[in-house]
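This report looks at a ligand shell, at the burial of one helix, and at the packing of a helix pair. The sequence and the structure come first.

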Amino acid sequence: MRIVLLGHPGSGTTTLLTDARAALRDPASGVALRPRSPIGRWRLWTASRRARRPQRDERPRAYPMRLRHAGGGAVVRVVDGGGGSVRGSSGTSGTRRLLAELAAADAIVAAVDATVLCDDPVLAASQVRTLVVLIRRRVTEALRHARSSPFPVVLALTGCERLPLGRDPFDLDGPLRPLRIGHRHEVRVAGVTVPLRADDPALARALPLLWCLHHAGSAAAGAVAAAGAAATFTPREWTRT
Ligand SMILES: Nc1nc2c(ncn2[C@@H]2O[C@H](COP(=O)(O)OP(=O)(O)OP(=O)(O)O)[C@@H](O)[C@H]2O)c(=O)[nH]1
Ligand SMILES: [Mg+2]
């Protein structure tokens, strides 16, 4: 199973991944997700340090993880897309690697800074356009290969605690409409919008990855429900039309 985290520089993909790892370190949540090897643990630890500084990821980084849950286990490849490869600043090799990872993705998390959506509609529109193109490309390809189940896509709105008081984060995902209610292909997307705050409980910050794991076939329903209950905002599933 392969999950790709996509986002422009600074949108929070590395933080999402390292927070999820911290929350799912032990199986008390019903699901444990751990790097498969000591070197993998070290790479993820250094990634969390980089994100805190913060230091930009120019290229995609792949983390082979082991998923354990009551129903069994699986190997999961979680790919932190690296904002540089989404923006195109990592050169062709970074972008090519990202496209190769996306072509084999079973689920996608798109991270977007909620304050960019709120304060800078022009920048937001251009950022979202890139994400929509990349996601549609994968969903269309998946359909061509007759996937029977809808393709999981999570829109993770990061930094929601910085929104002006009373601003509803669910009003901000308008630029993502082409994905949500586009032409007939999009009915095959199992989409959810998850607003996130820096001060959310750790388990809530794992919700984007848990949603993907659950919808891409793991028996993580209990953990998804627990993470949803811990979240400050109730995640909203996209209406399929
Ligand atoms: N306030 C707030 N800050 C956040 C949130 N998520 C991430 N950040 C911060 O945003 C900064 C960038 O986060 P990263 O996780 O490094 O972003 P990234 O998407 O990996 O960026 P690239 O490596 O350039 O692709 C860091 O300082 C994080 O601590 C959030 O939900 N709220
Ligand atoms: Mg990063």
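In this predicted model, helix H1 spans residues 13-23, and its buried residues are Thr13, Thr14, Thr15, Leu16, Leu17, Thr18, Asp19, Ala20, Arg21 and Ala23. H1 is thus mostly covered, with 10 of its 11 residues buried.

The same helix matters for the description of the ligand site, since H1 contributes three residues to the shell around ligand 1, the largest share. That shell holds 22 residues, and the closest of them are Gly12, Thr14, Thr15, Asp57 and Gly83. Among these closest residues, Thr14 and Thr15 also appear in the list of buried residues of H1. By class, the shell around ligand 1 consists of six nonpolar, 11 polar and five charged residues.

A second topic is the packing of two helices. The axes of helix H9, residues 207-215, and helix H10, residues 221-230, come within 9 Å of each other and cross at roughly 155°. An angle over 145 degrees counts as roughly antiparallel, and therefore H9 is roughly antiparallel to H10. The crossing of the two helices H9 and H10 is left-handed, and the residues that make the contact are set out by helix below.

| Helix | Residues in the contact |
|---|---|
| H9 | Leu207, Leu210, Trp211 and His214 |
| H10 | Ala221, Ala223, Val224, Ala227 and Gly228 |

Sorted by class, the contact of H9 with H10 comprises seven nonpolar and two polar residues, with no charged residues, whereas the shell around ligand 1 includes five charged residues.

Notes. Residues numbered from 1 in each chain as written. Chains lettered and ligands numbered in written order. Predicted model: local features only at pLDDT ≥ 70, side-chain atom pairs only at ≥ 80, totals over all residues. Near = placed C-beta within 6 Å. Helix = DSSP H or I, 4+ residues; strand = E, 2+ residues; numbered from the N terminus. Nonpolar A, V, L, I, M, F, W, Y, C, P; charged D, E, K, R; others polar. Buried ≥ 20, exposed ≤ 12 C-beta atoms within 10 Å, placed from the backbone. Axes fitted to C-alpha atoms, helices over the stretch in contact; angles between N-to-C directions. Parallel < 35°, antiparallel > 145°, perpendicular 65-115°, else oblique. Left-handed = near helix turned anticlockwise from the far one by under 90°. Contact = placed C-beta atoms within 7 Å.
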